[in-house]
Amino acid sequence: MASKLLLSQLRNITRPTHHRLINPNFIFLLKNQTLIHSRPYSDAPQPPPVGSKPSPTNADSAPTHKKISSSLNQAELAKFSAIAETWWDAEGPFKPLHVMNPTRLAFIRSTLCRHFGKDPYSAKPFEGLKFVDVGCGGGILSEPLARMGATVTGIDAVEKNINIARLHADLDPGTSSIEYLCTTAEKLVEEQRKFDAVLALEVIEHVAEPAEFCKSLSALAVSGGANVISTINRSMRAYATAIVVAEYLLHWLPKGTHEWSSFLTPEELVLILQRASISVQEMAGFVYNPLTGKWSLSDDISVNFIAYGTKNIE
């Protein structure tokens, strides 16, 4: 019953057409629900990798979790390093991100213009604001943010990604000012860097410790600043579409790009962020139309979704 009520409250912050605030009852429920657990995220049976045989389980071999100072996942870094040179190939492994990018930017423009009191119809609505794009890859998000006037810092732990991003940004005077750094969010926190808005899109599902990662994202934002995070829901529908279909049937992504057990549900993400002093204000889903080949914003958060939150005033 509580689970159904929790999902009902979560729908109140999804965004089909307009801005919604979190209901206080939703936060109360989150505080009293055990939604977050160390990876693997669930002790329940998980879908096996496509094409693999079930492996025997041992009840006595419970996983042990060590506290680490970095949220980096070395296996994930290796995956992206192997395909770094294809970031700007619109028909390559990152084609889904290129196609989704205009929809991601529409959400970002709408929410952040509202947050900072900017004109969303302005050519450069983010002028005078400092943004950091965490896990920037080849810069496909950093560049349009810079064109919209933001002072952008793009960071990635994969050096090849940063090299590609720098080379591409230098081709356009409008993006050549982007500061690209091969570093991590944790290191920027140590350097006491602060930004008006912190963005991490399609990144959290690839880190080792989501809760620690979100604490770093929170620490990078100024008091009252904005955070935007997008990821994939840990649902059976997401397993079917984002892994089975996208990776194994349509070959939109290299096989093994995603692990279902590493996805977060919207409830889990909201709770992680709330514990990191970020209050989620708005959430929307991304829905793909195979007839038009385009993505659109929706209140359907069963697969891809994006959240905007505010850093609690200190």
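Trp295 is buried, with a relative accessible area of 16%, where buried means under 20% relative accessible area, exposed means over 50% and partly exposed lies in between, computed with a 1.4 Å probe on protein chains only. Its ring forms an aromatic pair with Tyr288, a residue that is partly exposed at a relative accessible area of 28%. The two ring centres are 5.2 Å apart and the planes meet at 55 degrees, which makes the pair tilted. Rings of Phe, Tyr and Trp (its six-membered ring) count as a pair if their centres lie within 6.5 Å, with planes under 30 degrees apart called stacked, over 60 edge-to-face and the rest tilted. A search of the whole structure finds four aromatic pairs.

The coordinates come from a predicted model, in which local features need pLDDT of at least 70 and side-chain atom pairs count only at pLDDT 80 or more, while totals for chains, interfaces and linings use all residues. Residues are numbered from 1 along each chain as its sequence is written, and side-chain values use heavy atoms, with hydrogens and water left out.

The mean pLDDT (the predictor's confidence in each residue, from 0 to 100) is 81 for the protein, and 71% of its residues reach 70 or more. Over residues 15–69 the pLDDT is below 50, although this stretch has 93 contacts in the model beyond near neighbours in sequence, a contact being heavy atoms within 4.5 Å. Where pLDDT is low, the predicted coordinates should not be read in detail.

The protein has 10 helices and eight strands, taken as DSSP runs numbered from the N terminus, with helices being H or I of at least four residues and strands E of at least two. Buried residues make up 48% of its 314 residues. Among contacts between residues at least 6 apart in sequence, 70% join residues at least 24 apart.

A useful place to enter the interior is Phe126, in the loop between α4 (95–116) and β1 (130–134). Phe126 counts as buried because its relative accessibility is 0%. Leaving aside neighbours within four places in sequence, Phe126 is in contact with residues including Ile108, Leu112, Phe131, Leu145 and Met148, and with Phe116 and Phe131 it forms one aromatic cluster. The C-alpha atoms of Phe126 and Ala146 are 8.4 Å apart in space, with their positions 20 residues apart in sequence.

Phe126 also belongs to the largest nonpolar core, which has 31 residues, and is listed with Ile108, Leu112, Phe131, Leu145, Leu199 and Val228 as having the most contacts inside it. Such a core is a set of buried Ala, Val, Leu, Ile, Met, Phe, Trp, Tyr and Cys residues joined through side-chain atoms within 4.5 Å. Elements that each supply at least two residues of this core include α4, α5 (142–147), α6 (159–169) and β4 (195–201), and α4 gives the most, with six residues. Apart from this core lies another, of 29 residues, among them Val134, Ala200, Ile204 and Leu269.

In α6, Asn161, Ile162, Ala165 and Ala169 are buried. These four cover an arc of only 95 degrees around the axis, so they lie on the same side of α6; the arc is that of the directions from the helix axis to the C-beta atoms. On the other side of α6, Glu159 and Leu167 are exposed.
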